Amino acid sequence: MLVDFGSGGGFPALPLALAGVGERWTLVESRRNKTLFLRRAIQELGAGQVDVLTGRLGYVGFWQSWFRKFPQSDIDEAFRLLQRVGLDHICTLAIRRAGWA
């Protein structure tokens, strides 16, 4: 699964999903009007492998339940990738605040 945080209008995630990159996508956007647009675009384009969530990284309760869908090994690999690009501190702060990492 690939996740696009701050999806906005769906670029580049939506074209990548339509091109067959990745089996499943989750687009995360904090603004409701943008998520409504994304859901409509996905429906019109028939992109069944794409989910849209309205949420913010700072809303820890949301992420706590969402991350539990994945095996710990997948979460660990995601954090290794975030470390390589220097973004691990953002997610670590949110997860530690929830008390489940």
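In which helix is Ala17 found? In this predicted model, Ala17 belongs to helix α1. The sections below place that residue within the overall fold, the nonpolar core and the charged pairs.

The secondary structure of the protein consists of five helices and three strands. Read from the N terminus, these elements follow the order β-α-β-α-β-α-α-α. Of the 101 residues, 31% are buried. Among contacts with a separation of 6 or more, 54% join residues that are 24 or more positions apart. The exposed surface of the protein comes to about 6600 Å², and carbon and sulfur atoms account for 55% of that area.

Confidence varies along the chain. The mean pLDDT of the protein is 78, and 71% of the residues reach at least 70. Helix α2 (residues 32-45) has the highest confidence, with a mean of 95, while helix α5 (residues 88-98) has the lowest, with a mean of 53. Residues 97-101 fall below a pLDDT of 50, and this stretch makes 10 contacts in the model beyond near neighbours in sequence. Predicted coordinates should not be read in detail where pLDDT is low.

The largest nonpolar core has 11 residues: Ala13, Leu14, Ala17, Trp25, Leu27, Leu38, Ala41, Ile42, Ala47, Val50 and Val52. At least two residues of this core come from each of α1 (13-18), β2 (25-29), α2 and β3 (50-54). Ala17, one of the core residues, has a relative accessibility of 2% and therefore counts as buried. Outside its neighbours within four places in sequence, Ala17 touches Trp25, Gln49 and Val50. The C-alpha atoms of Ala17 and Val50 are 7.3 Å apart, although 33 residues separate the two in sequence.

Leu27 is another member of the core. With neighbours within four places in sequence set aside, the contacts of Leu27 are Asp4, Ser7, Ala13, Leu38, Ile42, Val50, Asp51, Val52 and Leu53. Several of these partners also belong to the core, including Ala13, Leu38, Ile42, Val50 and Val52.

On the surface, Met1, Val3 and Phe5 form a nonpolar patch with a combined accessible area of about 260 Å². Met1 is located in the segment before β1 (2-5).

Side chains of opposite charge can pair when their charged atoms come close. The model contains two salt bridges. One of them joins the side chains of Asp51 and Arg24, with an N to O distance of 3.0 Å. Asp51 is in strand β3 and Arg24 is in the loop between α1 and β2, so this pair ties together parts that are 27 residues apart in sequence. Asp51 is partly exposed, at a relative accessible area of 30%, and Arg24 is also partly exposed, at 30%. Asp51 appears among the contacts of Leu27 as well.

A salt bridge is also formed by Glu44 and Arg40, whose closest N and O atoms are 3.1 Å apart. Both residues lie in helix α2, four residues apart, which corresponds to about one turn of the helix. Glu44 and Arg40 are both exposed. The helix that holds this pair, α2, also supplies at least two residues of the largest nonpolar core.

Note on methods:
Residues are numbered from 1 along each chain as its sequence is written. This is a predicted model: local features need pLDDT of at least 70, side-chain atom pairs count only at pLDDT 80 or more; totals for chains, interfaces and linings use all residues. Side-chain values use heavy atoms; hydrogens and water are left out. pLDDT is the predictor's confidence in each residue, from 0 to 100. Contact means heavy atoms within 4.5 Å. Buried means under 20% relative accessible area, exposed over 50%, partly exposed in between (1.4 Å probe, protein chains only). Accessible areas come from the Shrake-Rupley method with a 1.4 Å probe; for residues, only the protein chains shown count as cover. Patches are made of residues with over 30% relative accessible area and no salt bridge: like charges are joined within 9 Å, nonpolar side chains (Val, Leu, Ile, Met, Phe, Trp, Tyr) within 5 Å. A salt bridge is a side-chain nitrogen of Lys or Arg within 4 Å of a carboxyl oxygen of Asp or Glu. A nonpolar core is a set of buried Ala, Val, Leu, Ile, Met, Phe, Trp, Tyr and Cys residues joined through side-chain atoms within 4.5 Å.
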